Amino acid sequence: MSNLAGSEAGGKPEKFRRQAIEVSAAQASILPYAHLLDCERVLLAEAQGRTLAENITAPHPYPHFRRSGMDGFAIISADTKGCSSEQPVELEVVDEIPCGSLPNVKLVSGTAARIMTGAKVPDEADAVIMFEMTKEIHKQDANHQKKKYIEIRREIEVGKNLTPVGLELALGDLILEKGRHIGTGEISVLATFGIHQVPVVRRPRVAVFSTGSELLSVEEPLQDGKIRNSNTYMLANQIREAGGEPYILHAIEDNLELARSKVAAAFAQYDIVVTTGGVSVGDFDIMADLVTGNDVQMLFNKVQMRPGSVTTAAVKDGKLLFALSGNPGACFVGFELFVRPAIQKMLGSSQLFLPEFSASLGKAYSKVNSFTRFVRGRLDYSDGRVVVYPAQLDESSVMITIKDSDVLIVIPPTTTGVHAGEMVKVLKLPRSTA
Ligand SMILES: Nc1nc2c(c(=O)[nH]1)N[C@H]1C(S)=C(S)[C@@H](COP(=O)(O)OP(=O)(O)OC[C@H]3O[C@@H](n4cnc5c(N)ncnc54)[C@H](O)[C@@H]3O)O[C@H]1N2
Ligand code: MOO
């Protein structure tokens, strides 16, 4: 279906007269519309990957009791003063303290308590000597009662093998700050402090539309001239990685009015709408017109970047609409640079953008460009240095190298290309282990 409904001023439709803005300006224009979402509580076992909605402070010190670091004997260290192989000291073993139990007997000078790793050390003891450094001796007293002693042949210093109260955290310490992504270490902390209902920010609900009559659904057999809709699934995964909840909706047909009503309906239900394709200047590229309607405020429709120069963003009913390119490489990059920060901001995250670092370029990159390029790349750590290699095929239309990429290499506008060995800025992709 034709889409010649676009506003035509001066002969050419609006979509041909776009003003390319800088990436940072485009990113900044989005953020005021990404509002922090409300808090919900989830079970600890389901908290992985979520974002904390509240500061968590320590409800008790950790550890909260003095703990033995070894299997051995709790002793009063002063009893070992001056002892040696020539002058060993003998202590009577008067108690046995397994993990989880409390001491039964008050220790006095000359006595020791057998104790296991992690058990509470008797208050009177100030050190633990490990089994391997003692010799057990069995004796009978005058009443023929069996008694156990340990022989110690060296001085033991105060505090040896003993973990003090609050070594890791004091009562009231800030343990985890709101906005923090919950990963393995955070889960361990939350479990330690008994926070079994975790306050997290609700995930943004992100609707994904594809456009284009060339698209087949993934279960359909291949047809000549058509391709399967891979971007929708790629985007759904990126949304999940960024902390959002993807909702795959039916494709938008190349019909402007129908598209408008579908997008409007989506905004009633979802926090963000993302589309892929139909954003360039082709006869059936309706997204350009869709973002110029009365009820839609366009933020940008061209960015000084490759791939994805036609990436478009708009606001409708106070919510963000991202119209990403249909070319898989451009769609991928557009999401990471613009949609990810919006999702992260809605989650209250402290890290909105992909983390940046510098690395040496492993292979010359010779393409010239007046716009900044975000080139898919692979990290290599050989010879103790971080080197990045641009993908062999990095065209906007190429899909296959996305799977091999850890990073986006930022190549500034250049007329000469960048030589091997030059330092380049690199953006870490979420899948990266760097
Ligand atoms: N005359 C001009 N033509 C083009 C320009 C231009 O400035 N002037 N820009 C080019 C650039 S750069 C890009 S990038 C593309 C952007 O195109 P669209 O975003 O409008 O996307 P489509 O035309 O719909 O599709 C492009 C390409 O991607 C494939 N595609 C689309 N959707 C999907 C999907 N869901 N899964 C997988 N692949 C998809 C589609 O079949 C096309 O091959 O425009 C250039 N043209
Ligand atoms: O700018 Mo197009 O969006 O990739 O190459």
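Colleague: At what angle do H3 and H6 pack, and how far apart are their axes?

Modeller: In this predicted model, the two helices pack at an angle of about 30°, and their axes are 10 Å apart.

Colleague: What makes H3 and H6 roughly parallel to each other?

Modeller: Angles under 35 degrees count as roughly parallel. The angle between H3 and H6 is about 30°, and the pair is therefore roughly parallel. The crossing of H3 past H6 is right-handed.

Colleague: Which residues in H3 and H6 meet?

Modeller: From H3, the participants are Ser-230, Asn-231, Met-234, Leu-235, Gln-238 and Ala-242. They meet Pro-328, Cys-331, Phe-332, Phe-335, Arg-340, Ile-343 and Gln-344 in H6. By class, this contact of H3 with H6 comprises 8 nonpolar, 4 polar and 1 charged residues.

Colleague: Why is H1 also called roughly parallel to H6?

Modeller: The axes of H1, residues 23-30, and H6 cross at roughly 30° and come within 10 Å. That angle falls under the 35 degrees cut-off, which makes H1 roughly parallel to H6. H1 passes H6 in a right-handed crossing.

Colleague: How do the residues in the contact of H1 with H6 divide by class?

Modeller: Val-23, Ala-26, Gln-27 and Ile-30 in H1 meet Leu-337, Phe-338, Pro-341 and Ala-342 in H6. The division is 7 nonpolar, 1 polar and no charged residues. Gln-27 belongs to this contact, and Gln counts as polar because it is on neither the nonpolar nor the charged list.

Colleague: Which helices each supply at least two residues of the shell around ligand 1?

Modeller: They are H3, spanning 230-242, and H6, spanning 328-346. H3 gives the most, with 3 residues.

Colleague: How many residues surround ligand 1, and which are the closest?

Modeller: There are 28, and the closest are Asn-231, Gly-277, Ser-280, Ser-325 and Gly-326. The shell around ligand 1 divides into 8 nonpolar, 18 polar and 2 charged residues.

Colleague: What makes 1 residue of the shell around ligand 2 charged?

Modeller: The residues surrounding ligand 2 are Arg-306, Pro-307, Gly-308, Ser-309, Val-310, Ser-325, Asn-327, Ala-330 and Ser-396. Arg counts as charged, and Arg-306 is in this shell. The full division is 3 nonpolar, 5 polar and 1 charged.

Colleague: Is the peptide bond that joins Arg-306 and Pro-307 cis or trans?

Modeller: The bond is cis, with omega about -10°. Pro-307 lies in the loop between strand S21 (305-306) and strand S22 (312-316). The peptide bond from Tyr-62 to Pro-63 is also cis, with omega near -5°. Pro-63 is in the loop between strand S4 (56-57) and strand S5 (67-68). Such bonds merit a remark because most peptide bonds are trans.

Colleague: What is the phi of Asn-161?

Modeller: Phi of Asn-161 is near 55°, a positive value in a residue other than glycine. This calls for comment because most residues other than glycine have a negative phi. Asn-161 is in the loop between strand S11 (146-152) and strand S12 (162-163).

Colleague: Which domains does the domain assignment of the chain give?

Modeller: The assignment gives domain 1 (8-37 + 203-346), domain 2 (40-62 + 173-200), domain 3 (67-163) and domain 4 (356-428). The centres of domain 2 and domain 3, taken over C-alpha atoms, are separated by 38 Å.

Key
Residues are numbered from 1 along each chain as its sequence is written. Chains are lettered from A and ligands numbered from 1 in the order in which they are written. This is a predicted model: local features need pLDDT of at least 70, side-chain atom pairs count only at pLDDT 80 or more; totals for chains, interfaces and linings use all residues. A residue is near a molecule or strand if its C-beta atom, placed from the backbone, lies within 6 Å of it. Helices (H or I, at least four residues) and strands (E, at least two) are DSSP runs, numbered from the N terminus. Axes are lines fitted to C-alpha atoms, for helices over the stretch in contact, and angles run from 0 to 180 degrees between N-to-C directions. Angles under 35 degrees count as roughly parallel, over 145 as roughly antiparallel, 65 to 115 as roughly perpendicular and the rest as oblique. A crossing is left-handed if the near helix is turned anticlockwise from the far one by less than a right angle, and right-handed if clockwise. Two residues are in contact if their C-beta atoms, placed from the backbone, lie within 7 Å. Domain bounds come from an automatic or database domain assignment.
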